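Q: I would like a careful look at one part of this protein, starting from its overall layout and then going down to single residues. Please explain each term as you go.

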Amino acid sequence: MSFSLNNLIRENVKGLKPYSSARDEYVSDGSKMVFLDANENPFENGVNRYPDPQQRSLKAVLADQKGIDVENILLGNGSDEVLDLLFRAFCEPKEDNVISLPPTYGMYNVLSGINAVENRTVLLTENFQPDIEAILKVVDTHSKLLFLCSPNNPTGNSFSEENITKLLNGFNGLVVIDEAYIDFAPNESWVSRLSDFPNLLITQTLSKAYGLAGIRLGICMASKELISVLNTIKPPYNVNGLTQLKALERVLATKTVTEEVADILAERSKLMEALESIPYVDTIYPSDANFILSRVDDADKRYTQLLEKGIVIRNRSTQPLCERTLRFTVGTPEENKKLIEVLKDIINE
Ligand SMILES: *Cc1c(COP(=O)(O)O)cnc(C)c1O
């Protein structure tokens, strides 16, 4: 058996044509057109017109930066919307299944619940890598999506190239690599490998390194055939006009983003060093992301102590393989200093 996009797509989706909106036909190119097609209020206020449903300006810049074509990109209202579109395009409710690898990002399970699609979970190994044999064992002909979060949330590590390659070769459904934290990682994005693997799909986001969690912009990159399927089911105006403007401005500000990422990485090292001197911290896991997972003596107690002193972190103790762990997001230098002070303050409490 090998990968076949046609076998992957839900029957009802195969026949769909994308909704054709007025602005699909004519996007303002700066020339003086009179738009009387979409029942908008004609008085200018910056957002009185419908946004470009294909986000052409933003995609052009992203395509250039990532070394792919515009037709390899779909944008969504956060990567959460992109992930939801994948379920709706490929997974028949109560029939198909997806595979995810806990401990990992919670949305894969949430979305499988919402879409009534079974989520087959296969635990990561002790060193937080995919368990290839165990994964391939739970696969059947209804397994449509395999979620690989790399760098993984909440463990912080990247999956090895060898492991990901094995899964791309061994799984006939779609391998979704969630690269929300790729800008903090030393390893390269899998985007450069799109032409090697027809079943590879990558998601990225402007919510983390790009500092735009509030505007909701998710990026999906895959073969043109795959992207075209997703285009037939996406809501026409899923990325609003303010988001498109702000995203464009930010992706063009490459120097600022690079500097902020460098600052966050420097702060991450400092924070790691500080954690090493805290006696109730047992383990500090290496991180390719903008957060640190640590094992402590009593996670519930430490979490509450920090909260009482005004610091909100994430208690990940209920996740498998994450017993007694806390997840610290790297903040500003001032915030991290405060965190370290408080971590020391509670040593004897
Ligand atoms: C934060 C995060 C996202 C971001 O999702 P958006 O909807 O784009 O904000 C995606 N995947 C993972 C693993 C994350 O941790």
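Into which domains is the protein divided, and which residues does each of them span? After that, please look closely at T104 and at the loop in which T104 lies.

A: This is a predicted model, in which local features need a pLDDT of at least 70 and side-chain atom pairs count only at pLDDT 80 or more, while totals for chains, interfaces and linings use all residues. Residues are numbered from 1 along each chain as its sequence is written, and side-chain values use heavy atoms, with hydrogens and water left out.

The protein is divided into domain 1, residues 5–252, and domain 2, residues 255–348, with bounds that come from an automatic or database domain assignment. The centres of the two domains, taken over C-alpha atoms, are separated by 29 Å. Domain 1 gives 25 residues to the contact between them and domain 2 gives 21 residues, where contact means heavy atoms within 4.5 Å.

T104 lies in the loop between strand 2 (97–100) and helix 6 (107–114); helices (H or I, at least four residues) and strands (E, at least two) are DSSP runs, numbered from the N terminus. T104 counts as buried because its relative accessibility is 11%; buried means under 20% relative accessible area, exposed means over 50%, and partly exposed lies in between, using a 1.4 Å probe and protein chains only. Not counting residues up to four places away in sequence, T104 touches C149, N152, N153, P154 and Q319. With one of these residues, N152, T104 makes a polar contact from side chain to side chain at 2.8 Å. A polar contact is a pair of N or O atoms within 3.5 Å; within protein, one must be able to donate a hydrogen and the other to accept it, and residues adjacent in sequence count only if both atoms are side-chain atoms.

Two cis peptide bonds belong in this picture. P103 is found in the loop between strand 2 and helix 6, and a cis peptide bond with omega of about 0° joins P102 and P103. P154, which T104 touches, has its place in the loop between strand 4 (143–149) and helix 8 (161–170), and the peptide bond from N153 to P154 is also cis, with omega near 15°.

P103 leads on to F128, which is in contact with P103, T155, N157, F159, Y285 and L321 once its neighbours within four places in sequence are left aside. F128 is found in the loop between strand 3 (118–121) and helix 7 (132–138), and F128 counts as buried because its relative accessible area is 6%. Although F128 is not a glycine, its phi is positive, about 60°. F128 and S158 are 30 residues apart along the chain, and their C-alpha atoms are separated by 8.8 Å.

P103 can also be set beside Q65: the two are 38 residues apart in sequence and 32 Å apart in space, C-alpha to C-alpha. Q65 is in helix 4 (residues 56–66) and counts as partly exposed because its relative accessibility is 35%. Leaving aside neighbours within four places in sequence, Q65 is in contact with Y210, V251 and T254, and a polar atom of its side chain lies 2.8 Å from the backbone oxygen of V251. In the helix that holds Q65, residues L58, K59, V61, L62 and A63 are buried, and what covers the buried residues of helix 4 includes strand 1 (73–76), strand 7 (218–221) and helix 10 (241–252). Helix 4 is followed by G67, whose phi is positive, near 70°.

Strand 7 also helps to place R216, which is found in the loop between strand 6 (200–205) and strand 7. R216 has a positive phi near 60°, in a residue other than glycine, and it is partly exposed because its relative accessible area is 28%. R216 is among the closest of the 13 residues that surround the ligand, together with S79, Y181, T205 and K208; a residue is near a molecule if one of its heavy atoms lies within 4 Å of it. Close to the ligand, a polar side-chain atom of S207 lies 2.7 Å from one of its oxygen atoms, and a polar side-chain atom of D178 lies 2.8 Å from one of its nitrogen atoms.
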